[in-house]
Number of protein chains: 2
Amino acid sequence: MKETTSGSVSNLAAVARLAGVSASTASKALNARSDVNEATRTRVESAARDLGYVPNALARGLMGGSTGTVGVITTDLEGRFALPILMGVEDALGIDRVLTFLCDARGDDARERRLVEELVSRRVDGIILVGKQTDVRPSLGRGLPVPVVYAYSMSDDPADLSVSVDNVQAGYMAAQHLVDSGRTKIAHISGEAPHSAAQRRSQGLLNLLSDRGLELTGQPMFGDWTEGWGRAAAALLLDSGREFDAILCASDQLARGVLDTLHERGITVPTQVAVMGIDNWVVLAQNSRPALTTVDMQLQKLGRVAARRLQDATAGRSSAGIEYLPSSVVIRDSTIPRL
Amino acid sequence: MKETTSGSVSNLAAVARLAGVSASTASKALNARSDVNEATRTRVESAARDLGYVPNALARGLMGGSTGTVGVITTDLEGRFALPILMGVEDALGIDRVLTFLCDARGDDARERRLVEELVSRRVDGIILVGKQTDVRPSLGRGLPVPVVYAYSMSDDPADLSVSVDNVQAGYMAAQHLVDSGRTKIAHISGEAPHSAAQRRSQGLLNLLSDRGLELTGQPMFGDWTEGWGRAAAALLLDSGREFDAILCASDQLARGVLDTLHERGITVPTQVAVMGIDNWVVLAQNSRPALTTVDMQLQKLGRVAARRLQDATAGRSSAGIEYLPSSVVIRDSTIPRL
DNA sequence: CTGAAAGCGCTTACAG
DNA sequence: CTGAAAGCGCTTACAG
């Protein structure tokens, strides 16, 4: 009896009829609003149950107020950044109250604009824009009828609110871990130089070294974000004859490649050389040999914070500017010898 | 002038007023319905533009008919299966007409039920349930007021429609590729034995071998779905002293581990031993040394088909049972020597 | 070709 | 404590 028999769902009027009350009373009873006789409430509730009544959220949303939906637009569903962020968003919103429209703009600006319009037409309570890189992106503009929060990528309009990760701090903390565990001759292999993630992670490393009165071994080696470049760069580094006792890689993929080359050349990690990544891409970091010490960028937390900022904005407490979230070091076996 | 000045969005009434027509006429003009004077239409359209009018999809949805939304419930956002499927769904639905609610049940049945109810309350046109394994799962039941399609996992109720991948065929085709390229002594390393993916992929391999009058080298080696087991299993295999000229791995992760061990033992791939994976997890398969030949499970296509079946059901052309999609071999360098 | 009216399913003052 | 009425923003017969 708890299930609708078939194709369609009953409405409040039917519930009210079965309970022998008016629609208004049924509504109040079901929503625990104002004073309703206890017996009446019970009668309405059981009528609702018997009919398998599920309130129509469209009608509710039409009245104004919240619709209990938010839109997440991503440029990069394929990438591995969007997903943890999305999970964080769901965490914060509480899945049983707010549902998330996930839309992939696929890097197409026109499509992005259409998606925004589609979301507005469905009267979402807000939009979270998840970029694929930690770079600045064009603002969606100020005229939008719903609050927008930029996550990962940052808006170029300081009047917008962006939440992103702190790549400088990530590089800094990584280097700190290496230096604190006794390394002094650190080499650095990175990804594509134009990416702000590459630049800022390097910057963090250099900052720490300078704070400790140390110097980078050689120059930062920029290439692309692949295992292949990690392998090649490590080989170049070894062939340069420079001495080093640690390599900080700007990503876990790079670190995997580096580990391969070191292994092949018979260099022991971490005893002879410590290797560290950034990203904490678990499937890569955990399964490498040795398991990779890395920096977790806290993307799920980023998603949670972005969602909370959206709720703040909806509640009228809106802020602006860029909020950077701290990352944290995850120590595995590639930097510190096991006892 | 094209943007709303601020917080809210104007409605049809405002557009009609500005254009000097009635709401009904404005509606018809905007929706290209029935006969509307060309001049009137133009006037309404430009009024809409000037006001930054975006139709309220909630009001539209209230009228009955489609709401232009579907729900995708996944058990496994973290895993790498849900994402390509989701992209396929978006492909098929055409993002500018239909928006997708993405919900992660996080493996919790109660949460899944609540999500279904939330989706029904928003009057989605249909629900796609994406499981995390290619195993049978409990049906959501028959009483639902919207069509449901099961993707990847299959419903235990034959009255439901499920779309999944053909693991037997995947194993068969993988083995076929190996045998056709001259291998005759094939060993097999797999994941968790209870998973139907492990069982069925093995079955496909055995079917092909039997068709060709060949026998498996040793027994299938089941373990877990990790690089670590791939490395260990390869070592066990080598230490067994059995002769083999190919290893079919039931996943790309396993294959990565196998490649590591072979490399370490100085065995050349593919010259001495061919290694093949299944999944075509590109970031792993493409960056291994040598690049990994594997089987693409066509998950994005699976998403497209699931979405189309949902549309069929909405249109009254519903089907039932399990539909298996074929996979296809992706040849890279780990099975065939480069010229 | 255009518009007044009714209605989709709900909620919210407002009377009683 | 309960109900009749109005209204959210649209669309769709139905008159004109």
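## Around DNA strand D

Which helix gives the largest share of the surface near DNA strand D? That helix is helix 2 of chain B, with 4 residues. Welcome to this predicted model; the tour starts at the DNA and then moves to the contact between the chains, a helix pair and the sheets.

In total, 26 residues surround DNA strand D. The closest are Ser24(A) and Asp35(A) from chain A, and Asn11(B), Leu12(B) and Ser24(B) from chain B. Besides helix 2 of chain B, at least two residues each come from helix 2 of chain A and from helix 4 (57-62) of chain B. By class, this surface has 10 nonpolar, 12 polar and 4 charged residues.

## Around DNA strand C

DNA strand C has 27 residues around it. Those that come nearest are Asn11(A), Leu12(A) and Ala59(A), joined by Ser24(B) and Asp35(B). For this strand the largest share of the surface, 4 residues, belongs to helix 2 of chain A.

Several helices take part here. Helix 1 (12-19), helix 2 (23-30) and helix 4 of chain A each supply at least two residues, and so does helix 2 (23-30) of chain B. The surface near DNA strand C divides into 11 nonpolar, 12 polar and 4 charged residues.

## Where the chains meet

How many residues does the contact take from chain A and from chain B? Chain A gives 44 residues, and chain B gives 44 residues. On the side of chain A that touches chain B, at least two residues each come from helix 4 (57-62), helix 5 (82-93), strand 2 (99-104), helix 6 (109-121) and helix 9 (227-239) of chain A.

Helix 6 of chain A has the largest share of that side, with 7 residues. Sorted by class, the side of chain A that touches chain B holds 19 nonpolar, 14 polar and 11 charged residues.

## A helix pair in chain B

Helix 2 of chain B, already met at the DNA, also packs against a neighbour in its own chain: its axis and that of helix 3 (residues 38-51) of chain B come within 9 Å and cross at roughly 90°. That angle makes helix 2 of chain B roughly perpendicular to helix 3 of chain B.

From helix 2 of chain B, the contact uses Thr25(B), Ala26(B), Ala29(B) and Leu30(B). Helix 3 of chain B answers with Thr40(B), Arg41(B), Val44(B), Glu45(B) and Ala48(B). Together these residues of the contact divide into 5 nonpolar, 2 polar and 2 charged.

## A three-stranded sheet in each chain

In chain B, 3 strands form an open sheet with parallel pairing, in the order 8-9-10. Strand 8 (186-189) and strand 10 (274-276) of chain B are the edge strands, each pairing on one side only. Neighbouring strands of this sheet are turned by 15° against each other on average, direction ignored. Strand 8 of chain B runs parallel to strand 9 (residues 246-249) of chain B and is joined to that strand by 4 bridges, with Ile186(B) opposite Ala246(B). Helix 10 (residues 252-264) of chain B lies across strands 8, 9 and 10 of chain B, at about 155° to strand 10 of chain B.

Chain A has an open sheet of 3 strands too, with the order 8-9-10 and parallel pairing. Why is one side of strand 8 and of strand 10 of chain A left without a neighbour in the sheet? Each of them stands at an edge and has a single partner strand, so one side has no neighbour in the sheet. From one strand to the next, the twist averages 15°. Strand 9 (residues 246-249) and strand 10 of chain A run parallel and are joined by 3 bridges; Leu248(A) stands opposite Met276(A) there. Helix 10 (residues 252-264) of chain A lies across strand 8, strand 9 and strand 10 of chain A, running at about 155° to strand 10 of chain A.

## A covered strand in chain A

Is strand 7 (residues 161-165) of chain A mostly covered or uncovered? The strand is mostly covered, with 5 of its 5 residues buried. In a regular strand, side chains alternate between the two faces of the sheet. Here, Leu161(A), Val163(A) and Val165(A) are buried on one side, and Ser162(A) and Ser164(A) are buried on the other.

Strand 7 of chain A has parallel neighbours as well. Strand 5 (residues 148-151) of chain A is joined to strand 7 of chain A by 3 bridges, while 5 bridges join strand 7 of chain A to strand 12 (residues 321-325) of chain A. Leu161(A) stands opposite Val149(A) and also opposite Gly321(A) in strand 12 of chain A.

Notes:
Residues numbered from 1 in each chain as written. Chains lettered and ligands numbered in written order. Predicted model: local features only at pLDDT ≥ 70, side-chain atom pairs only at ≥ 80, totals over all residues. Contact = placed C-beta atoms within 7 Å. Nonpolar A, V, L, I, M, F, W, Y, C, P; charged D, E, K, R; others polar. Near = placed C-beta within 6 Å. Pairing = 2+ DSSP bridges. Axes fitted to C-alpha atoms, helices over the stretch in contact; angles between N-to-C directions. Parallel < 35°, antiparallel > 145°, perpendicular 65-115°, else oblique. Buried ≥ 20, exposed ≤ 12 C-beta atoms within 10 Å, placed from the backbone.
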